[in-house]
Amino acid sequence: MKTLWDMPRGQTAEIAAITQTLPQQIQQRLFEMGFEPGRALTCVQRGPFSGPVVVTVADCVYSLEQAIAREIHIRSS
Amino acid sequence: MKRIILVGKPNSGKTLLFNQLTGLKQKVANFPGVTVELKSGQFAGYQVVDFPGAYSLHTLSKDEQIAVEKLHEALLDDNTALIVCNLDATRLESSLVFGLQVQRLAKQHNKALIFALNMIDELGRFGHHIDTAALSKQLGSPVYAISARTLEGIAEFKTALQQDAAAASAIPELSDLRPDAASDLKQARQLAAEHGIKDTVVLKNQNRIDSFMLNSISGSVMFLLVMFFLFQSIFTFATPLMDAVESIIAYIAEVLTEALGPGVIHDFINDAVFGGLGSFLVFVPQIMVLTLIIGLLEDSGYLARAALICHRPLSYFGLSGRSFIPYLSAHACAIPAIMAARTIESPRKRLITMLTIPLMSCSARLPVYALLIAVFIPDIQYLGGLVNLQGIAFFALYFMGILTALMISLLLSRSDKIEPTATDMPFILELPTYRLPHWKPLLQRVLQSGKHFIYRAGPVIFMVSVVIWVLSYFPAGGDDLAHSYLGTIGHFIEPIFEPLGLDWRYGVAILLSFLAREVFVGALGTLFGVSNADENVAGLAENIQQDGLALGAGLGILLFYVVALQCVATVATLKAETGNNKLVIGVVVAYGLLAYLLAAITYNLIG
Ligand SMILES: Nc1nc2c(ncn2[C@@H]2O[C@H](COP(=O)(O)OP(=O)(O)OP(=O)(O)O)[C@@H](O)[C@H]2O)c(=O)[nH]1
Ligand SMILES: [Mg+2]
C-alpha cells in the first residue's frame, strides 16, 4: 500500500490506515492531529534531500520525518 | 492569592496574552514550544500563570508533560479560580482538540473555564467572522474573541475575566453535550467545520511561501544565506555602533582624567574604570544586534522551517531538527537554550543537544572574539562592504563551535551510556503561519538584552578590574608591572600557560574569565591600562598589537574560548535539566581539556 512518504508534491489523498504496531502514544497523537482514516491530506512539499515531508491535514501544516510518514497509509481520493 | 491559569495549543498566543494581562515581558515567538516552564504574573489581584503549550493531554515531549502535569495539579488546587483555554481562531480544530479535553477535565474537577478565541485580527484580515455567541452555546462555556496583538476585545476580556473568576458561572455543563473522549474529538471537528475558516484560505499564502523556502534548491540556498547573513550582520551592523560607543567612552575618559590631574586617582579611573569596564561596554551594541536578528527570525516563523531543513543532516549526528532552535538561541545565551531543549521529542536527542549547547558561541564570548579578531585580522571589505574579512573570521569561529558540537554529538550518540532505554519519539513539527515582526516587544527585547549584558557581567568586571588594578599598581606605582603584587602571583601560574605561548597577563585574564567570560577583556584592559599609562583607553586591540602577541597564541586563545565551558550558571542549568551530575562534570572537564589541548597544538603549529 502507498504511504504518505510516497506522495508527490501537490497531491491530495485520503488516509487509509495508520500502522497498528506503532507505539500507542504516537498513534493517539496522529489521530488527534487529524490523521484518521477517511480524511484528506495534501502533500505540500517534499523536504530537501529526503528530509521530512510537509503535509496539510485538518487546519495545520506538519512536517513528518520518513520513519513516521511511512506508517501513514493512503489511497488516492 | 487566587489563580487564573492560561493553557492551550502551542503557538496560539498564550504568552502574548499573558504579557498583555500582566504587563510582563515573557518570551513570545512564532514557533511552537517557546514557553517551556510555568511563568506567573499578576492581574487585578489574581495570580496569572502562563503554561507551556500542549497539543493533547496525551503528551509526547517534556514541555507538554510539564504543562499537563501542572494542569492536573492546578485542578486539584483550591486556589485555582479560573482556567483560560486559549484557542487560535485561525486553527480552530486543532485548538479545540486540546481545548475540549481541558474542558472535560475542568468539569470533572468542578472548575470554571472560559475560552479565549485569540488571533481574531488575522481572521478579520481574511474577512471571516466567528459567531462567538453560538460557539459559546454549543461549547457550554463562555467564548471571548480577542487579539493579543492588536488588543481588539482585550478590554472586554479583562472585565469578563474578573467576573468569571469571581463567580463560578463559567463551570462547563457538558454532561448532556458529549458522552466521552472520542466524542470530544468528533465535536472539535464538527465545531471547526461549522465556525472555523477554511484551511485552504488560511494556509494558502503559507504554503506558497513554503514551496520556495522548503524547495531542495531554493530552500537550501535561502537557508545558507540566512545563516550567513545572521553571523555576518553581528559584525557588519554592529561595527559602526561599537565605534561610536568606543569614541564616546574615550572622550569621557579624556575629559574626566584631564580634570583630575595626574596621581593615583587619575590612574585608577583611567586604567580600572575606563580601561577595564570601558573595553567591555563597547560590546553592548553587538549583543543587541544579535538579539535583534535572532528575534526577527523567531517572529517570522522561519525557524520552524530551518529546523525542518536541518532535520536530516542533524539526524546523522544523533540530533533532531528540533535541536536547531536551541542551538541557534544558544548563540545569545546557553541557559535559555538548554531549557528550550525540552521541546525535543526524543529524550536521547534532547540530552545530547543539552550537553553540546555550551559549545555554541554565546554572546559572552563575543568580546573575546572581537578583540582578538581586531588584533590579527585586517579590516578588508569585499563586494562593496557587504562582506568583510573580520566578519568572515567571526563566521569561522561560530562555525568552529558548531562543528565541535556536531562531532561531540556524534561521539555521544554512539555511546550506549546516553539514555539507552528511552523510546525514540518521531520528528513531528507544526509549521506556523509566516508573520511580520511584532516591533514593540522585539525592540524592548533588544534593549533588555543590552541591559542584561551590562547587569550580569558589569559588576563582576568592575570588581575584577579594581582588584587587578590594585594588585598590579602597587607597590611599584604602575611603573613596573612585572614586579607588582599581581606580577608576582602571575609568575606562579605562568608555567600553565607557557605551552600556549602566553605570558602571565593573559594567564590571569583567562583564569579570571571563569567568573564570566567577558572578564577576559576587562582584565586585559586594566592590565594594559596600567602598563601603558594613558594612551588609548578603549583601544585595547591596538595596545595588544603594539605589545606583540604571537599569531598562534592568539588563535589558540580563540579556540580555547570556543570550546571551554567557563560558565557556572550554565553548569548549574545543565545539572538541573539532565539530573545527571556525573555526566555534566565529565563534560565540563572534557571540554576544558580539549580547549587547552587545541590551544597548545595551535600555538605549536603556527607559533
Ligand atoms: N496576529 C496575531 N498574532 C498573534 C496574536 N497572539 C499571538 N500572536 C503571535 O503568535 C505567535 C505565538 O505567540 P506566543 O504568545 O508565543 O504563543 P504561545 O501560545 O505562548 O506559544 P508556546 O509558548 O510555544 O506554547 C507570536 O508570533 C505572536 O506574535 C494575535 O492575537 N494576533
Ligand atoms: Mg508561550
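Two strands count as paired if DSSP finds at least two bridges between them, strands being DSSP runs (E) of at least two residues and helices runs (H or I) of at least four, numbered from the N terminus. The model shown is predicted, with local features needing pLDDT of at least 70 and side-chain atom pairs counted only at pLDDT 80 or more, while totals for chains, interfaces and linings use all residues. Residues are numbered from 1 along each chain as its sequence is written, chains are lettered from A and ligands numbered from 1 in the order in which they are written, and side-chain values use heavy atoms, without hydrogens or water.

**View 1. The hairpin of strands 3 and 4 in chain A.** Strand 3 (residues 53–57) of chain A runs antiparallel to strand 4 of chain A, and five bridges link the two. Within this pairing, A:T56 faces A:V61 of strand 4. Two residues separate the strands of the hairpin, where A:A58 adopts a positive phi near 50°.

**View 2. Strand 4 of chain A in its surroundings.** Because five of the five residues of strand 4 (residues 60–64) are buried, this strand of chain A is largely enclosed by the rest of the structure; buried means under 20% relative accessible area, exposed over 50% and partly exposed in between, with a 1.4 Å probe and protein chains only. A:C60, A:Y62 and A:L64 are buried on one side of the strand, and A:V61 and A:S63 are buried on the other, leaving both faces covered. Strand 4 of chain A is also joined across chains, by three antiparallel bridges, to strand 9 (residues 428–430) of chain B, in which B:I428 is the bridge partner of A:L64.

**View 3. The annotated span of chain A.** An unreviewed UniProt entry annotates residues 2–76 of chain A as "domain: Ferrous iron transporter FeoA-like". This span of chain A is 19% helix and 37% strand, and its end C-alpha atoms lie 9 Å apart.

**View 4. The shell around ligand 1.** Ligand 1 is surrounded by 25 residues (each with a heavy atom within 4 Å), and B:K14, B:T15, B:V34, B:T35 and B:D121 are the closest. Polar contacts are pairs of N or O atoms within 3.5 Å: a polar side-chain atom of B:K14 lies 2.7 Å from an oxygen atom of ligand 1, and one of B:R435 lies 3.3 Å from an oxygen atom of the ligand, whereas one of B:E122 lies 3.1 Å from a nitrogen atom of ligand 1. The protein covers 99% of the 650 Å² of accessible area (Shrake-Rupley method, 1.4 Å probe) that ligand 1 has on its own. Helix 1 (14–22) and helix 4 (120–125) of chain B are the elements giving two or more residues to this shell, and helix 1 gives the most, with three.

How values were computed
UniProt positions are given in the numbering used here, feature names are shortened, and annotations may be inferred rather than shown by experiment. A polar contact is a pair of N or O atoms within 3.5 Å; within protein, one must be able to donate a hydrogen and the other to accept it, and residues adjacent in sequence count only if both atoms are side-chain atoms.
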